[in-house]
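The exercises below ask you to read a fold from its parts, and each task is followed by a solution that goes step by step. Please work with the sequence and the structure open beside the text.

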Amino acid sequence: DTGLRRHSSHPRMSLKSHGAVALVLLLSALMLAVVSLRCRAQPATTTTIAAAQSRTRAVALVVSPHLDDAVFTVGGLIACAAAVDVVVATVFAGYPATVMATEWDAITGYRNSTTAILSRRNEDRRAMARLGALPPVHLEFLDVMYREMGRLALPQVQLEEALVELVERYRREYDEVQVFGPLVELHVDHALLHKAYLQVVRHFATSVRHSDKLAFYFFEDFPYIQTKHWSIYDVEESLAHKNITVGIERVLLESHCAKAKQEAIRMYTSQLKYEHLRAVTVAARNFANARCRSADYPRGWEYPHACEVVYRVRHVARIR
């Protein structure tokens, strides 16, 4: 009762107070609207694989050619994932039926294919643990150096079927699945996997509607994307020639994500024995640092720190 009398005894102050509150609320609403519009207008950042609702189980499935490609290419994206499980499935990680000894195995300090693959799979597990990903999946397809030595052909149809089954497996286990696959075809294994991944994207485009529940992306295979000297628009055009329309998205790497990526790269100790790959490690950091600074990019893309770029499939045209 006293409070009511005090309120009524100062009518002018009350009106001013209400006016001030209304003005503050109006300004706040306007600011929120501006922020919302700006967020929608800017390219995607780390929300690319962190957009799952709190009650939704989501997974990012990264299909990697070899046992270090995913970390070199999208290690920051993996480390920055929030509220999303991340699984890296390496395709060419199989043991030859007959033990072999290649020149590359010798360079990296291994007696034969068995000890090399066993050790490299363990390196991969440690790298994934450093990035906070789930234990990796290792498929049994052979690396090109073992196929060439054994004069073995890659079963392309079986590769495509294995990838379809892999996606279906995670569709059964999760509410939302985001799949990331290779883009650049300069290395024979990358080219073969890219071809198979294209078929997988087309398969699901005709059998399942692409949506937030199932989305496909291409990643920029490093170091081959740098060798091609492709801008983001070159990538967009290349995929358009394959009847695939993509949206260009970037993942801005906060310092702890960039640091985790570099530390995960160093987990592949056998590969870093080779001087060339030590140089690639430095080049990967420099490439990520410069990828969002190009004057060719849209206004608003300028970013002074590291980033990685991925390409979300928006539309797949039927091939006549």
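## Exercise 1: two helices in contact

V71, G75, I78 and A79 in α3 meet A127, M128 and L131 in α5. By class, this contact of α3 with α5 comprises 6 nonpolar residues, 1 polar residue and no charged residues. The model is a predicted one, and the task is to describe how the axes of α3 and α5 are placed relative to each other.

*Solution.* Two quantities are needed, because two packed helices are described by the angle between their axes and the distance between the axes. For the distance, the axes of α3 and of α5, which spans residues 113–131, come within 9 Å. For the angle, the axes of α3 and α5 cross at roughly 35 degrees.

## Exercise 2: the sheet and its edges

Determine the order of the strands in the open sheet, and then say which are the edge strands.

*Solution.* Step one is the order: the open sheet has 7 strands, arranged β3-β2-β1-β4-β5-β7-β6, and the pairing is mixed. Step two follows from the ends of that order, where β3 (137–138) and β6 (244–252) are the edge strands, each of them pairing on one side only.

Step three looks at the individual pairings. Strand β1 runs parallel to β2, to which 6 bridges join it, and L61 has V87 in β2 as its bridge partner. Strand β1 also runs parallel to β4, here with 5 bridges, and V62 stands opposite F180 of β4. By contrast, β5 (residues 214–219) and β7 (residues 307–316) run antiparallel and are joined by 3 bridges, with R312 in β7 as the bridge partner of Y217.

## Exercise 3: the surroundings of β1

Is β1 mostly covered or open, and what kind of unit does β1 make with α3 and β2?

*Solution.* Begin with the strand as a whole: 7 of the 7 residues of β1 are buried, and the strand is thus described as mostly covered. Then separate its two faces, and both prove to be covered, with A58, A60, V62 and S64 buried on one side and V59, L61 and V63 buried on the other.

Next, place the helix. Helix α3 (residues 69–80) lies across β1 (58–64), β2 (85–90), β4 (176–182), β5, β6 and β7, and runs at about 90 degrees to β7. Finally, join the elements along the chain: β1, α3 and β2 make a right-handed β-α-β unit.

## Exercise 4: salt bridges and their exposure

The whole structure holds 11 salt bridges. For the one between D189 and R147, decide which parts of the chain it links, and whether D189 and R147 are buried or exposed.

*Solution.* The side chains of D189 and R147 meet with an N to O distance of 2.9 Å. This pair links distant parts of the chain, D189 being in helix α8 (residues 188–207) and R147 in helix α6 (residues 144–149), 42 residues apart. D189 is buried because its relative accessibility is 0%, where buried means under 20%. R147 is likewise buried, with a relative accessible area of 7%.

For comparison, take E165 and R172, a salt bridge whose closest N and O atoms are 2.9 Å apart. E165 is partly exposed at a relative accessible area of 42%, while R172 is exposed at 59%.

A further pair is E185 and K242, with the closest N and O atoms 2.8 Å apart. This pair also links distant parts of the chain, since E185 is in the loop between β4 and α8 and K242 is in the loop between α10 (232–240) and β6, 57 residues apart. E185 is partly exposed, its relative accessible area being 40%.

## Exercise 5: unusual backbone geometry

Which residues does the cis peptide bond join, and where are H229 and N243, two non-glycine residues with positive phi, found?

*Solution.* The expectation comes first: most residues other than glycine have a negative phi, and most peptide bonds are trans. The cis peptide bond joins F222 and P223, with omega about 10 degrees, and P223 lies in the loop between β5 and α9 (224–228).

H229 has a phi near 60 degrees and is found in the loop between α9 and α10; at 69% relative accessibility, H229 counts as exposed. N243 has a phi of about 65 degrees and is found in the loop between α10 and β6, where N243 is partly exposed at a relative accessible area of 30%.

Technical notes:
Residues are numbered from 1 along each chain as its sequence is written. This is a predicted model: local features need pLDDT of at least 70, side-chain atom pairs count only at pLDDT 80 or more; totals for chains, interfaces and linings use all residues. Side-chain values use heavy atoms; hydrogens and water are left out. Two strands pair if DSSP finds at least two bridges between them. Helices (H or I, at least four residues) and strands (E, at least two) are DSSP runs, numbered from the N terminus. Contact means heavy atoms within 4.5 Å. Axes are lines fitted to C-alpha atoms, for helices over the stretch in contact, and angles run from 0 to 180 degrees between N-to-C directions. Buried means under 20% relative accessible area, exposed over 50%, partly exposed in between (1.4 Å probe, protein chains only). A crossover is right-handed if, with the strands pointing away from the viewer, the path from the first strand over the helix to the second runs clockwise. Ala, Val, Leu, Ile, Met, Phe, Trp, Tyr, Cys and Pro count as nonpolar, Asp, Glu, Lys and Arg as charged, and the others, Gly among them, as polar. A salt bridge is a side-chain nitrogen of Lys or Arg within 4 Å of a carboxyl oxygen of Asp or Glu.
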